[in-house]
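These are my notebook entries on a structure I went through element by element. I set down what I looked up, in the order in which I looked.

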Amino acid sequence: MEILQNLSSFNQSIKITPLKNHIFTCSVKPKRHYHSFQISCNYNQKLVLEFDPKIPIEEAITPPSSWYTDSCFYTHELNQVFFKGWQSVGYAEQIKDPGQYCTGRLGNVEYVVCRDDAGNVRAFHNVCRHRASPLASASGKKSCFVCPYHGWTYGLDGALQKATRITGIKNFRVNEMGLVPVRVAVWGPFILLNFENGVLPENEADIDLVGNEWLGNSSQILTDGGVDSSLSFLCRREYTVECNWKVYCDNYLDGGYHVPYVHKSYASVLKLDSYSTTILEKVSIQRCDAENDLDFDRIGSKPALYAFVYPNFIISRYGPWMDTNLVLPQGPRKCLVIFDYFLDSSHKSDESFIAQSLEDSETVQIEDMKLCEAVQRGLESPAYCSGRYVPQVEKAVHHFHSLLYESLSN
């Protein structure tokens with residue numbers, strides 16, 4: 001009988017009711033061998049200093065190829081560029097209703113974003129506090145997060161609700177075992193995360209604060225340019241590109257320089273002489289007019305707006321369309337580019353227009369992928385170290401590199 005009682009106790013799960021004002025903390029201190037860490041810091045700093053943003057663009061030399069190839073420098077970038085400040089990770093329609101969630105990965109950070117039962121947007125590290133298994137994958141709708149490994153269960157507010165087979169465990173502090181939170185905000189149609197420590201106060205006035213932190217002085221300019229929640233999500237496409245994430249960004253930022261050579265079909269619908277670039281605090285905006293009297297016009301009559309939000313988010317607003325490109329580093333020589341397409345409701349039923357537009361976009365993307373992968377191979381060559389800027393069209397590229405220098409130097 002005693003054996004049966006012990007077995008019964010062993011199979012019990014513990015349902016937990018956490019305190020209402022739960023605060024989950026997790027102090028993470030990376031293990032470092034001081035000597036090797038110091039050498040690594042000195043090495044990265046040496047590479048950073050090989051670019052000087054104070055030199056005028058007419059005389060400046062681009063960052064060295066090691067910025068695009070070195071694995072140690074890549075890790076430095078993750079810590080200094082991506083794990084500081086606000087990062088766009090998705091769109092608000094993904095978590096429109098209570099229970100909806102989406103997941104993602106940035107560097108070695110797994111995250112999950114959801115809307116809880118009260119309608120609040122939440123974000124957490126997507127890691128079970130028991131044995132580190134991811135809790136959720138892809139996107140969908142759940143009433144709670146159940147670990148697929150051992151069944152630990154967490155509410156949409158991050159609270160630990162159930163821990164299986166923990167009879168006999170000692171010094172178990174429930175309020176210290178909830179999911180580790182991540183700062184989250186929604187600006188317009190976009191979900192933003194900030195992996196730095198700190199809690200964002202919950203009131204509407206903070207949206208302006210987040211917008212200013214993320215976009216600098218361009219927040220209103222983008223809103224006026226049609227970057228808002230008026231368009232509805234259409235579809236997503238993902239591309240793995242065998243190049244450093246900065247190669248892809250550099251290509252986008254060259255002021256249409258490569259368009260007539262790489263995108264001949266796309267170039268035929270643009271007035272490339274009208275290309276202009278505006279440099280703002282954390283954003284660069286390129287504009288270009290479309291040709292008139294086209295048989296198929298997805299660009300529209302107003303100038304197309306191409307915005308690059310430092311460090312890795314691209315917004316293209318033209319005609320009835322808005323495309324966003326999220327460029328995620330996957331290693332020093334690989335990146336994932338996530339395309340999200342948004343469309344004005346007046347065109348949602350025009351299947352032929354949508355199909356042709358997406359086909360044209362796919363053509364441009366494939367052309368860019370081939371180009372960027374070829375550039376990456378060139379960066380690996382011992383014949384190349386640094387290049388030069390063409391001042392007339394590459395102001396946004398220089399601005400991007402200067403912002404990188406600032407982040408990497410801090």
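Entry 1: the loop between β15 and β16. I began with Pro 311, which I located in the loop between β15 and β16. The peptide bond joining Tyr 310 and Pro 311 is cis, with omega at about 10 degrees. I note here that the model is predicted.

Entry 2: the sheet. I next traced the open sheet of 7 strands, whose order is β12-β18-β17-β16-β15-β14-β13. The pairing in this sheet is antiparallel. I looked for the edges and found β12 (232-241) and β13 (270-279), each of which pairs on one side only. Ignoring direction, I read an average turn of 15 degrees between neighbouring strands of the sheet. I then took one pair from within the sheet. Strand β16 (residues 313-318) and strand β17 (residues 321-331) run antiparallel and are joined by 6 bridges. For Ile 314, I found the bridge partner in β17 to be Asn 325.

Entry 3: helices on the sheet. I asked which strands helix α10 lies across. Helix α10 (residues 351-379) lies across β12, β17 and β18 (334-343), and it runs at about 25 degrees to β12. Helix α11 also packs on the sheet, where it touches β13, β14 (283-290) and β15 (304-309). The direction of α11 makes about 30 degrees with that of β13.

Entry 4: α11 itself. I checked the length of α11 against expectation: at 1.5 Å a residue, its 15 residues should span 21 Å, and the end C-alpha atoms are indeed 21 Å apart. I then asked how many of the residues of α11 are buried. The helix is mostly covered, with 11 of its 15 residues buried. Among the buried residues I listed Ala 396, Val 397, Phe 400, Leu 403 and Leu 404. The buried set also includes His 398, His 399 and His 401.

Entry 5: α4 against α11. I looked up the packing of helix α4 (residues 71-82) on helix α11 (residues 395-409) and found an angle of about 85 degrees, with the axes 9 Å apart. The two helices are therefore roughly perpendicular to each other. From α4, the contact is made by Phe 73, His 76, Glu 77, Gln 80 and Val 81. From α11, I recorded Leu 404, Ser 407 and Leu 408. I sorted the residues of this contact into 4 nonpolar, 3 polar and 1 charged. I noted that Leu 404, Ser 407 and Leu 408 also appear among the buried residues of α11.

Entry 6: the loop between β9 and β10. I searched this loop for positive phi values. Arg 165, in the loop between β9 (160-164) and β10 (183-187), has a positive phi of about 55 degrees although it is not a glycine. Asn 171 lies in the loop between β9 and β10 as well, and its phi is near 55 degrees, a positive value in a residue other than glycine. I then looked up accessibility. Arg 165 is partly exposed, with a relative accessible area of 48%. Asn 171 is exposed, with a relative accessible area of 68%.

Entry 7: Pro 189. I went on to Pro 189, in the loop between β10 and β11 (190-194). Is Pro 189 buried or exposed? Pro 189 has a relative accessible area of 7%, so I entered it as buried. Leaving aside neighbours within four places in sequence, I found Pro 189 in contact with Gly 90, Tyr 91, Ala 92, Asp 228, Ser 229 and Met 322. Pro 189 and Gly 90 are 99 residues apart in sequence, yet their C-alpha atoms are 8.6 Å apart in space.

Entry 8: the β4 and β5 hairpin. Strand β4 (residues 109-115) pairs with strand β5 (residues 121-125) in the antiparallel sense over 5 bridges. I found Val 112 opposite Phe 124 in β5. This hairpin has 5 residues between the strands, and Gly 119 takes a positive phi near 90 degrees there.

Entry 9: the whole chain. I closed with the totals for the protein. Its secondary structure comes to 11 helices and 18 strands. Buried residues account for 49% of the 410 residues. Of the contacts between residues at least 6 apart in sequence, 64% join residues at least 24 apart.

Technical notes:
Residues numbered from 1 in each chain as written. Predicted model: local features only at pLDDT ≥ 70, side-chain atom pairs only at ≥ 80, totals over all residues. Heavy atoms only, no water. Axes fitted to C-alpha atoms, helices over the stretch in contact; angles between N-to-C directions. Helix = DSSP H or I, 4+ residues; strand = E, 2+ residues; numbered from the N terminus. Parallel < 35°, antiparallel > 145°, perpendicular 65-115°, else oblique. Contact = heavy atoms within 4.5 Å. Nonpolar A, V, L, I, M, F, W, Y, C, P; charged D, E, K, R; others polar. Pairing = 2+ DSSP bridges. Expected span 1.5 Å × (residues − 1). Buried < 20%, exposed > 50% of the residue type's maximum accessible area, 1.4 Å probe, protein only.
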